Amino acid sequence: MNVLEFGCMERPLANFFRGYGAFVSRHPFPFIAFPVLITLYLSTGFFTLTPQTDAIYLYTPTDAPSKTERQIIHDLWPLGEDNYVPGRAVTQSREAQVTVVAKNGGNILLPEYARSIKRLDMYIQNRIKVRFRNHTYTYRELCLRWKNRGCPGNNHIQIISELYNHGINITYPTFRIGSSGYLGAGIGGVSLSKDDNGTVILASARAWLMVYQLKFFPINVSYVSGIWEKTFKLHMDNYPEDPFISLTYFHSQTLAEELKRNADSLAPRFIFAFVILVIFAVICSMVTIKGTFYFDWVLSKPILSVFGVINAGMGIASAMGGLILLDVQYNDIVAVMPFLVVAVGTDNMFLMVAAVKRTCRAATVEQRIGECMADAAVSILITALTDAFSFGVGTITTIPAVQIFCIYTCCALVLTFLYQITFFCALLSLATKWEAEGRHCLWLTPTIAPKLASSPSNRLLWLGSRPHPDPKHASNIKHCSATKFFQNWYAPILMQPAIKALAGLWYCIYVGFAIYGCMHLREGLEPVNLLVDDSYAKPHYLALEQHFWHYGATLQWCSPRKMVSKAEFEEHHRACFVSSPGSRETPCCSQLIKTAINVSSGDAERQESLKQASNILRSNGYQARAKRIKTSHATSSTKPRAGKHPLCLPFITDRISSAIRQCFIRAQLDDNVVLVNIPNDNITRQLVQNRLYDRAFVSEDCVVCPHGKTGDCAKTGVIYEIECLACHAQYIGETGRPLYVRVNEHLASKKRESLITPLGKHRKEDHGGADFNIKCTILALEAQTSARKTLEAFWICKRNPRMNSRNEHLAITSDLMPFLSLCEL
């Protein structure tokens with residue numbers, strides 16, 4: 001029985017390439033011309049090159065659930081001005097981000113940092129302008145608006161800072177201002193503490209993230225938004241240095257642009273590496289006359305070595321251009337591929353040249369090229385197939401960037417091998433022919449034999465060896481110094497038993513390190529690792545990682561209702577009517593109307609659903625009237641509330657208040673009169689609370705109780721007034737904590753002469769650093785934070801205390817002006 005020997009394909013392949021090499025040596029010119037023409041044709045694909053730059057598409061798997069979910073949300077809830085909610089958008093494509101970090105480790109919630117952020121925010125919204133088709137656009141014209149209320153902006157930063165500096169505890173990571181807001185993704189570098197109830201609150205923070213959402217529909221507006229983003233980058237590059245904050249910034253085009261810049265930076269490096277390879281190949285191809293330092297200009301092959309490196313470049317250009325012509329996607333990571341392929345191609349070139357040198361110089365050109373191809377082409381084929389299969393396996397991955405890279409690399413390796421056995425093989429046969437004729441490797445003119453050269457110039461520039469007439473003579477086979485070293489020195493040493501054992505031990509250590517590395521391999525791709533070192537986006541990603549990615553973004557969740565067809569809707573509800581129209585079936589009618597409303601996802605669908613329900617009711621003998629959708633009359637008025645006359649009445653019940661408002665509407669007075677309900681005292685307001693802090697004179701030097709009632713200093717939820725007894729300047733504030741705690745903070749800041757606090761600033765600026773005494777009185781009591789802040793604003797607006805700054809309280813809006821007279825200030 002014949003046993004299949006290992007390497008059974010080697011001999012048939014060697015015989016095939018031997019005959020193929022002889023054929024190429026007889027007809028070299030077609031094998032040179034056709035590869036050149038094919039390369040020129042395929043290279044025309046570079047003129048239609050359009051790189052794929054969407055980083056999310058390139059570096060996430062095509063079957064990733066996030067892509068499916070993102071597309072579902074985009075299809076069912078397309079983002080627009082009518083449904084945009086700040087912080088909840090997942091499909092935006094135009095966005096600018098700025099991270100603001102307090103310098104020197106400062107607390108960014110303090111007033112001086114808030115003012116710097118406000119200046120930056122106003123600069124971005126008002127000063128960054130682009131002009132397109134004779135129209136000037138700012139952020140306010142291009143922003144995604146929130147429910148027709150204007151640009152969302154970053155006003156929450158100022159609100160949080162104001163509340164923090166007024167002593168309000170800021171819960172973290174969520175904080176309620178009207179509705180609950182998530183702070184985890186917007187404020188970073190936080191230090192946390194707990195209040196008396198154990199609730200986690202903000203002690204300090206180091207950074208804010210400011211986001212500017214831009215319109216990306218229709219296409220022309222998206223184009224203008226893109227121009228605004230690039231202008232934004234230029235303005236941020238030149239933004240004046242701020243003494244309190246440092247900035248990093250980013251926009252939706254940044255990652256794509258920086259990836260392209262990364263790829264563009266590889267082009268000069270590839271040219272530099274290509275030149276180095278050419279120089280290295282030329283140096284390695286130079287051969288000297290045996291026993292001298294003069295070059296053998298017959299056996300040296302510098303031009304052939306240069307074409308060997310060019311051969312790899314032809315394979316790269318043909319693969320890239322051809323795939324582009326076939327509409328295969330291209331991304332900038334493919335720019336790394338030439339470094340790999342040109343090295344493989346150059347290595348194959350050295351194998352073929354070395355194989356020719358090992359043949360007998362006295363043999364014919366056909367015999368030498370045949371033997372060369374039988375020896376080298378088989379090894380090159382196996383190497384090329386191994387490399388091509390390795391990258392071919394990578395083409396089945398679901399990550400588009402890796403897939404594209406593997407496709408281009410696999411094709412480049414295959415084409416480089418094909419050019420190696422055609423284009424370079426033909427050139428090698430010509431060089432071997434000229435060698436047999438004793439021609440100069442550069443000028444193709446006859447050389448001078450070493451024995452005939454007399455002048456130094458001839459020895460230096462024109463010496464060329466000749467083959468020995470005896471084919472078996474040792475001088476006809478040329479071995480380089482490296483071959484002799486590995487054959488006569490390295491191999492015998494490697495075969496020593498001690499060296500074998502040491503090599504085995506080193507291999508075990510190598511495998512151990514490999515296993516350890518695989519066990520500690522971190523999955524994932526950080527965007528910062530895709531950027532060049534001097535990219536302006538790199539500090540932004542580092543700031544996000546350091547300050548904001550500990551909590552991350554909010555979880556987006558949706559639960560679409562089951563779709564109900566019109567036929568199913570009618571069939572389901574006709575089954576409800578099994579008795580006569582005169583019977584007591586009103587609950588069924590009500591349920592029909594409610595179901596018609598609940599199964600609808602929008603106003604248009606709701607109206608259509610109600611119409612179908614009404615038709616069903618009428619067809620069954622019922623007098624159907626669609627349920628009227630309640631609308632708010634408070635928002636229907638076109639006149640501002642500031643121009644209305646307040647009608648102040650004690651609050652009785654919601655029903656009576658609603659009836660009074662309906663009277664206004666019927667009398668057409670809703671644009672001129674507004675109802676103001678005065679709350680009555682209830683049990684909660686009248687009860688005396690037994691609190692831990694309700695005790696008299698918590699300190700001997702109390703500045704509150706002597707000017708009011710005993711125990712005032714322990715009250716919570718107060719609006720208070722501090723008066724300087726030296727100059728009678730006043731300061732009005734509010735606190736939800738025991739009053740004496742807040743007063744002690746004021747006294748401590750006065751003692752420190754802190755310029756960021758009212759009493760410290762008053763002592764420094766108005767009294768020249770001299771100390772003064774104060775008294776504190778309670779103006780009002782209010783437990784609810786929002787109401788207490790509003791009352792504080794009323795008191796400041798009414799009394800205009802000298803120690804309060806202009807921006808230290810909430811603005812009195814037109815909606816609150818009618819209530820000012822009710823506060824009895």
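These notes cover the overall make-up, one sheet with its helix, and the cysteines of a predicted model.

1. Overall make-up. The protein has 825 residues, of which 39% count as buried. Its secondary structure comprises 25 helices and 15 strands.

2. Surface and contacts. About 48200 Å² of the protein is exposed, and carbon and sulfur atoms supply 59% of that area. For contacts between residues at least 6 apart in sequence, 69% join residues at least 24 apart.

3. An open sheet. Four strands make up an open sheet, in the order 6-9-1-10, with antiparallel pairing. Strand 6 (187-188) and strand 10 (245-251) are the edge strands, each pairing on one side only. As background, strands of a sheet pair through backbone hydrogen bonds, and the pairing is either parallel or antiparallel.

4. Strands 1 and 9. Within this sheet, strand 1 covers residues 95-102 and strand 9 covers residues 207-213; seven bridges join the two in the antiparallel sense. To locate the pairing in the structure, start from T99: its bridge partner in strand 9 is L209.

5. The helix on the sheet. Helix 5, made of residues 111-127, lies across strand 1, strand 9 and strand 10. The helix runs at about 15° to strand 9.

6. The disulfide. The structure holds one disulfide. The bond is formed by C143 and C151, whose sulfur atoms are 1.9 Å apart. The torsion about the S-S bond of C143 and C151 is about -75°, so this disulfide is left-handed. Both C143 and C151 are buried.

7. C702. This cysteine is in no disulfide. The nearest cysteine sulfur to that of C702 belongs to C705 and is 3.8 Å away, whereas a disulfide requires sulfur atoms within 2.5 Å. C702 counts as buried because its relative accessibility is 12%, and the cut-off for buried is under 20%.

8. C411. Why is the sulfur of C411 not bonded to the closest cysteine sulfur? That closest sulfur, in C410, is 5.5 Å from the sulfur of C411, which is too far for a bond. C411 has a relative accessibility of 27% and therefore counts as partly exposed; this class lies between the 20% limit for buried and the 50% limit for exposed.

Conventions. Residues are numbered from 1 along each chain as its sequence is written. This is a predicted model: local features need pLDDT of at least 70, side-chain atom pairs count only at pLDDT 80 or more; totals for chains, interfaces and linings use all residues. Side-chain values use heavy atoms; hydrogens and water are left out. Buried means under 20% relative accessible area, exposed over 50%, partly exposed in between (1.4 Å probe, protein chains only). Contact means heavy atoms within 4.5 Å. Accessible areas come from the Shrake-Rupley method with a 1.4 Å probe; for residues, only the protein chains shown count as cover. Two strands pair if DSSP finds at least two bridges between them. Axes are lines fitted to C-alpha atoms, for helices over the stretch in contact, and angles run from 0 to 180 degrees between N-to-C directions.
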